[in-house]
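Reader: Could you walk me through this model, strand by strand and helix by helix?
Author: Gladly, let's have a look together.

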Amino acid sequence: MTLRFSTLHHSITDLIGKTPLLELHNIARLHNLRGRLLAKLEYLNPGLSKKDRIALQMVKYAKENRLLHNGQTVVELTSGNTGTGLAIVCKAMGHPFVAVMSRGNTIERARMMQALGAEVILVDQAPGSTPGQVSGQDLDLVELRARQLVAERHAFRADQFEMQANALAHERTTAPELWEQSAHTIDVFLDFAGTAGSFTGIAKFLKQVNPKIRCYLVEPASAAVLAGKPITDGNHKIQGGGYSRKNLTLLDPTLVTGYLQVSNDEAIHGARMLAAEEGVFAGFSSGAHLAAAMALLQSHEPGATIAFLACDSGLKYLSTDLFPMTSI
């Protein structure tokens, strides 16, 4: 018997992308759903999230366009996932990296970034903010500190909310992978709004290959500002997005078929369902994706093939109530 192994890689950056696509047969069967659920397992990237893709694309773009010089420090605000991706990419490409993150994000992320060689600066939450729940006000404080550090250290800002390389990473890599892996069967794509880079990049590609594909944007039910709804609670549990920002530079609203809202409880239930019923150990936003997809199959999109990202690993949320420990 001859054993065959994949190609030897020479940089961790070579392992970013080409994540598997999984059809969620168990959930569809157990819940009597008409249609198909396809989850792209982005938590299997080296940094355990989809943000590895944009980290690589932003740094490569900056170096190619001489915006980032050899050995120059890179600074970015992060909820932890982009920072983890940048820690990996910057180390591989010879750049010090400083991650600026709210204390409202999970400590697992800070520890992971630090272990990967990043300098991590934690910013206190705004007065009245709920621990473990990052609001738009919290993010504003992180943004202010990030700008200060860029000036102090003459650093390059890898601005994930502004750099088109963010959306381009998903348009060039994630979306074509999705389309090919699904055998061109996707009817619907949905995505939780953070920077909107993954939504815009993937939706743009999918609409080009099939204009009939519907693309939905997912928001927290208590902070659905993009859908034009009032903010009832900016301190939701779905980390990595829903920051109550009405103007997202990377969002192309012409690609949006509709807006969907998911509550904290629905996102938590979705994440636990992914783990228990499909073996997919992912975070809050992935749970929100599943909840939104199931709701669509039961309402406006019966019989559809719905694709979404399992954005990051559940390992990044063990200090939260997402996966509580029960007695053994």
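Author: A word on terms before we start: buried means under 20% relative accessible area, exposed over 50% and partly exposed in between, with a 1.4 Å probe and protein chains only. This is a predicted model, where local features need pLDDT of at least 70 and side-chain atom pairs count only at pLDDT 80 or more, while totals for chains, interfaces and linings use all residues. Residues are numbered from 1 along each chain as its sequence is written, and side-chain values use heavy atoms, leaving out hydrogens and water.

Reader: Which residues on the two sides of strand β3 are buried?
Author: In a regular strand, side chains alternate between the two faces of the sheet. Strands here are DSSP E runs of at least two residues, and helices are H or I runs of at least four, numbered from the N terminus. Both faces of β3 (residues 74-77) are covered, the buried residues being Val-74 and Glu-76 on one side and, on the other, Val-75 and Leu-77.

Reader: Which residue of β4 stands opposite Val-75?
Author: Strands pair if DSSP finds at least two bridges between them. β3 and β4 (residues 97-102) do so in the parallel sense, over four bridges. Opposite Val-75 in β4 stands Val-98.

Reader: And which residue of β6 stands opposite Val-74?
Author: β6 (residues 156-157) runs parallel to β3, joined to that strand by two bridges. The residue of β6 facing Val-74 is Phe-156.

Reader: Where is Ser-79, and is this residue buried or exposed?
Author: Ser-79 lies in the loop between β3 and α3. Contact means heavy atoms within 4.5 Å, and, not counting residues up to four places away in sequence, Ser-79 touches Met-101, Asn-105, Arg-109, Gly-240 and Tyr-243. With a relative accessible area of 13%, Ser-79 is buried.

Reader: How are α2 and α6 oriented to each other?
Author: Axes are lines fitted to C-alpha atoms, for helices over the stretch in contact, and angles run from 0 to 180 degrees between N-to-C directions. α2 (residues 51-64) and α6 (residues 164-181) pack at about 125 degrees, with axes 8 Å apart. Angles under 35 degrees count as roughly parallel, over 145 as roughly antiparallel, 65 to 115 as roughly perpendicular and the rest as oblique. α2 and α6 are therefore oblique.

Reader: What is the angle between α6 and α7?
Author: The two helices are oblique to each other. The axes of α6 and α7 (residues 197-209) lie 7 Å apart, and the angle is about 50 degrees.
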